[in-house]
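Grab a pencil and let's work through a few exercises together. Try each task before you read its solution.

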Amino acid sequence: MVHRESSFSANQTTPAAAKAGSAARGSVRRRSGFVQVSYQTGIAQDGVPFLGWGTAFLDYDNDGWKDIMMINGHVYPQVDNYDWGTTFAQRPLLYHNLHGKRFVLVPPVEGTGLAETFPGRGAAFGDLFNDGRIDVVINVLDGHPVLLRNVSNDHHHWVELKLIGGPKSPRDAVGATVYLTADGMRQRGDVLSGGSYISSNDPRVHFGLGDATTVSSVEIHWPSGNVEKLRLPAVDRIFTIEEGKGIVGQLCVLCRATAAEHGRAAKPHGAERASRNP
Ligand SMILES: [Ca+2]
C-alpha cells in the first residue's frame, strides 16, 4: 500500500478531548495519539446507510494522493422488506482525496460501476491490465465475482514496482518499503501480503505521479535490512527490481499501444521489454 506522508495530521485535538484526556492523565495536556476527524475530512456522513467490507487506500486517478474505496452490502437480505433507509445490495463508495485536506464522494453516475449494487464482501485491488490504473475484483455474496475496471480519463503519470527479494529477504519482498520522490513530493509504498476482508491486493507498489514526467529518486528498504537507491529511466511503466541487481525488467503497455498507433514496432529497450512475471 502507498500513502503520502503526513497526509493527515494526528496531533490535533479538540478542547473537549483535551479536557477528557487531561482528567484521565492528571493535569498534563498532551497533544498526541488519535483524534476523530471522520466528519471533518468528509468520509462519515455519506457512508451512514452503508455496511462496508472491502476497503482500500488507492490512488485511482494517479494524482499522487491516496483515495478511498469501500465495497458494501448489508448482512441481512430481510432489510429489503422494511423502510429502514438501507438495502441488502449496496453500491461501492469512492472518495477522492483533495490534496490531503478533505475527501469528496465521487458521484455514482448511471451506467458506471459506481452505480451498480450488489451484496459486496471482499475486495482485491490491483492493476489487472498493467495500464497503471488500479482495478478492483469484488467477492459478492451468493453471486458471481464483479470486476470494476478503472477507466479514469486523467492524463496523470505513474510507475509500479515489482520487487524481488535477494537471498536474505523473502522472494516476494513482503515487508519492503519504498520511498519515491517526484516533482518534489515524497511518497511511501509498502509490499504487503494482506488486504482488507478476506482479500489480498496486488503486491506491486503503485505510485501516482500527477504531472511529473520524471522520478527523482527511489529508495528501497529491503526486509534483509539492505537499503538501495536507484533512478528510474522513465515513467508510465512497470519496473521489476531485484535486490542487489537493480532494474531487471520493465513492461510498458502504453508504449506498445503508442507504437501500434504509429505503425512501427516497439523498441526493445525503453519502449518495451517484458519483465519476468510482471
Ligand atoms: Ca488520487
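**Exercise 1: the whole chain**

Among contacts in the protein between residues at least 6 apart in sequence, what percentage join residues at least 24 apart? And what else can you say about the protein as a whole?

Solution. Keep in mind that you're looking at a predicted model. Start with the contacts: of those between residues at least 6 apart in sequence, 57% link residues at least 24 apart. Next, count the secondary structure, which gives 3 helices and 16 strands. Finally, check burial: 29% of the 278 residues are buried.

**Exercise 2: a covered strand**

Work out how covered β6 is, then find how it pairs with β7.

Solution. First, locate β6 at residues 120–126. Of its 7 residues, 5 are buried, so the strand counts as mostly covered; the cut-off for "buried" is 20 or more other C-beta atoms within 10 Å. Then look at the pairing: β6 and β7 run antiparallel to each other, joined over 5 bridges. For one spot to check on screen, find Ala124, which sits opposite Val137 of β7.

**Exercise 3: an open sheet**

Find the order of the strands in the open sheet of 4 strands, and say which ones stand at the edges.

Solution. Read the order across: β12, β9, β15, β16, with mixed pairing. The edge strands are β12 and β16 (246–251); each has a single partner strand, so one side of each has no neighbour in the sheet. On average, neighbouring strands here are turned by 25° against each other, ignoring direction. Now zoom in on β15, residues 237–242, which pairs with β16 in the antiparallel sense over 5 bridges. One of the bridges joins Glu242 to Gly246 in β16.

**Exercise 4: two positive phi angles**

Place Asp142 and Ile198 in their loops, and decide whether each is buried, partly exposed or exposed.

Solution. Take Asp142 to begin with. Its phi is near 55°, a positive value in a residue other than glycine. Asp142 lies in the loop between β7 (135–140) and β8 (146–148). Count its surroundings: 7 other C-beta atoms fall within 10 Å, and because 12 or fewer means exposed, Asp142 is exposed.

Now do the same for Ile198. Phi of Ile198 is near 40°, again positive in a residue other than glycine. Its loop runs between β11 (185–190) and β12 (205–210). Ile198 has 13 other C-beta atoms within 10 Å, so it comes out as partly exposed.

Definitions and conventions. Residues are numbered from 1 along each chain as its sequence is written. This is a predicted model: local features need pLDDT of at least 70, side-chain atom pairs count only at pLDDT 80 or more; totals for chains, interfaces and linings use all residues. Helices (H or I, at least four residues) and strands (E, at least two) are DSSP runs, numbered from the N terminus. Two strands pair if DSSP finds at least two bridges between them. Axes are lines fitted to C-alpha atoms, for helices over the stretch in contact, and angles run from 0 to 180 degrees between N-to-C directions. Two residues are in contact if their C-beta atoms, placed from the backbone, lie within 7 Å.
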